[in-house]
Amino acid sequence: MKTFQYIYEAGAHKWGAITRDPTKPDCLIDTNEYLIVNGDRGLMTDPGGSEIFPDVFLALSAEFDPAKVTHLFASHQDPDIISSLALWLEFNPELQCYLSWLWNTFVPHFGGNADTFISIPDEGMPLALGDLTLQAVPAHYLHSSGNFHLYDPAAKILFSGDIGAALLPPGEDDLFVKNFDRHIRNAEGFHRRWMGSNEAKLDWCERVSKLEIDMLCPQHGAIYQGKDVGRFIDWLAALPVGSGIRARG
């Protein structure tokens, strides 16, 4: 089953990471779900697919009352991001979900109605969680055409969706990156194939390099912290992406 661990705590303001499920079927990609807490309110980023919902919900329930999760944030439309939506709404029909306006008529195929979704415009927008203000950061075409990351300026944490993702081999299950040079080898193929635009990639690198980031939290793999955040941004800026066309054989 998955495990829950707080990675940031400052009074009532917290970030929790729900990660690593060694018992999941091999046919499912492993995912990270993050809980942002401010007082008695919680927001889940990329809450995951329907297949893993029971494990995510159980891990969350051990540390935080799921009834206090008021919002979801979907970086994009993929099934490993948000196909659990109907199950979350079955638990709390009042739950609302932030996502790109581009997917407002696609994601409802997973559940919800017009009152469920809060559209994020292409340029991004601030998101309120109680008296805490988060920022939806544009990351279009990395890899989805309507894609956002979520920045918490108070915690200096960036939820980076598929950017920073690494497909870790069995046995490498550290929560944080311990050896950047070794870790990044597990990220290279993913970024070359899944990130479709060098122009979009460089725009993202320039945008986030202006932010104060202590932790960069991807949806797959380990969390970058400290100097490894800058090392990752520099690595990505130099990496040629969008090379999937040459992989067709």
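Two strands count as paired when DSSP finds at least two bridges between them. That idea comes up straight away in this predicted model, where Ala17 has Tyr34 in β3 as its bridge partner.

**The sheet**

Let's start with the strands. Seven of them, 7 strands in an open sheet, follow the order β1-β2-β3-β4-β5-β6-β7, and their pairing is mixed. At the edges you'll find β1 (3-10) and β7 (117-120); each has a single partner strand, so one side of each has no neighbour in the sheet. On average, neighbouring strands here are turned by 20° against each other, direction ignored. As background, strands of a sheet pair through backbone hydrogen bonds, either parallel or antiparallel.

Now zoom in on β3. Strand β2 (residues 13-19) runs antiparallel to β3, and 6 bridges join the two. On β3's other pairing, β3 (residues 33-38) and β4 (residues 41-45) are also antiparallel, with 5 bridges. Asn38 has Arg41 in β4 as its bridge partner, while Tyr34 stands opposite Thr45 in β4. The two strands β3 and β4 make a hairpin with 2 residues between them, and Gly39 in that turn has a positive phi of about 65°.

Is β3 enclosed or left open by the rest of the structure? Of its 6 residues, 6 are buried, so β3 is largely enclosed by the rest of the structure. In a regular strand, side chains alternate between the two faces of the sheet. For β3, Glu33, Leu35 and Val37 sit on one side, Tyr34, Ile36 and Asn38 on the other, and all of them are buried, which leaves both faces covered.

Further along the sheet, strand β6 (residues 96-100) includes Ser100. With a relative accessible area of 0%, Ser100 is buried, since the cut-off for that label is under 20%. Its contacts, leaving aside neighbours within four places in sequence, are Ile120, Gly146 and Phe148.

**The nonpolar core**

The largest nonpolar core has 29 residues, and the ones touching the most other members are Leu158, Trp204, Leu216, Tyr224, Phe232 and Trp235. Three elements give two or more residues to this core: α4 (180-194), α5 (198-209) and α6 (227-238). Helix α6 gives the most, with 5 residues.

Tyr224 is worth a closer look. This residue is buried, at 0% relative accessible area. Skipping neighbours within four places in sequence, Tyr224 has a list of contacts that includes Gly164, Val177, Phe180, His183, Ile184, Leu216, Pro218 and Phe232.

Just before Tyr224 comes another residue to look at. Where does Ile223 lie? Ile223 is in the loop between β12 (215-217) and β13 (224-225), and Ile223 is buried too, with a relative accessible area of 1%. Not counting residues up to four places away in sequence, Ile223 touches Ile7, Tyr34, Leu175, Phe176, Val177, Met215, Leu216, Cys217 and Pro218. The C-alpha atoms of Ile223 and Gln135 are separated by 19 Å, and these residues are 88 residues apart along the chain.

**Rings and a charge**

How many aromatic pairs turn up in the whole structure? A search finds 13 of them. A pair of rings is described by the distance of the centres and the angle of the planes, and here are two examples.

| Ring pair | Centre to centre | Angle between planes | Kind |
|---|---|---|---|
| Phe53 and Phe57 | 5.4 Å | 35° | tilted |
| Tyr224 and Phe232 | 4.8 Å | 40° | tilted |

Both Phe53 and Phe57 belong to helix α1 (residues 53-61), where they are 4 residues apart, about one turn of the helix. Phe53 counts as buried, at 12% relative accessibility. In the other pair, Phe232 is buried at 0% relative accessibility, and its partner Tyr224 is buried at 0% as well.

Rings can also join up into something bigger than a pair. Trp15, Tyr34, Phe73 and Phe159 are linked by ring pairs into a cluster. Tyr34 has shown up before: this residue is the bridge partner of Ala17, and Ile223 touches it.

Finally, there's a charge over a ring. Lys14 lies over the face of Tyr6, at 5.0 Å from the ring centre.

Methods:
Residues numbered from 1 in each chain as written. Predicted model: local features only at pLDDT ≥ 70, side-chain atom pairs only at ≥ 80, totals over all residues. Heavy atoms only, no water. Core = buried A, V, L, I, M, F, W, Y, C linked by side-chain atoms within 4.5 Å. Buried < 20%, exposed > 50% of the residue type's maximum accessible area, 1.4 Å probe, protein only. Contact = heavy atoms within 4.5 Å. Phe/Tyr/Trp six-rings, centres within 6.5 Å; stacked < 30°, edge-to-face > 60°. Lys NZ or Arg CZ within 6 Å of the ring centre and 35° of its normal. Axes fitted to C-alpha atoms, helices over the stretch in contact; angles between N-to-C directions.
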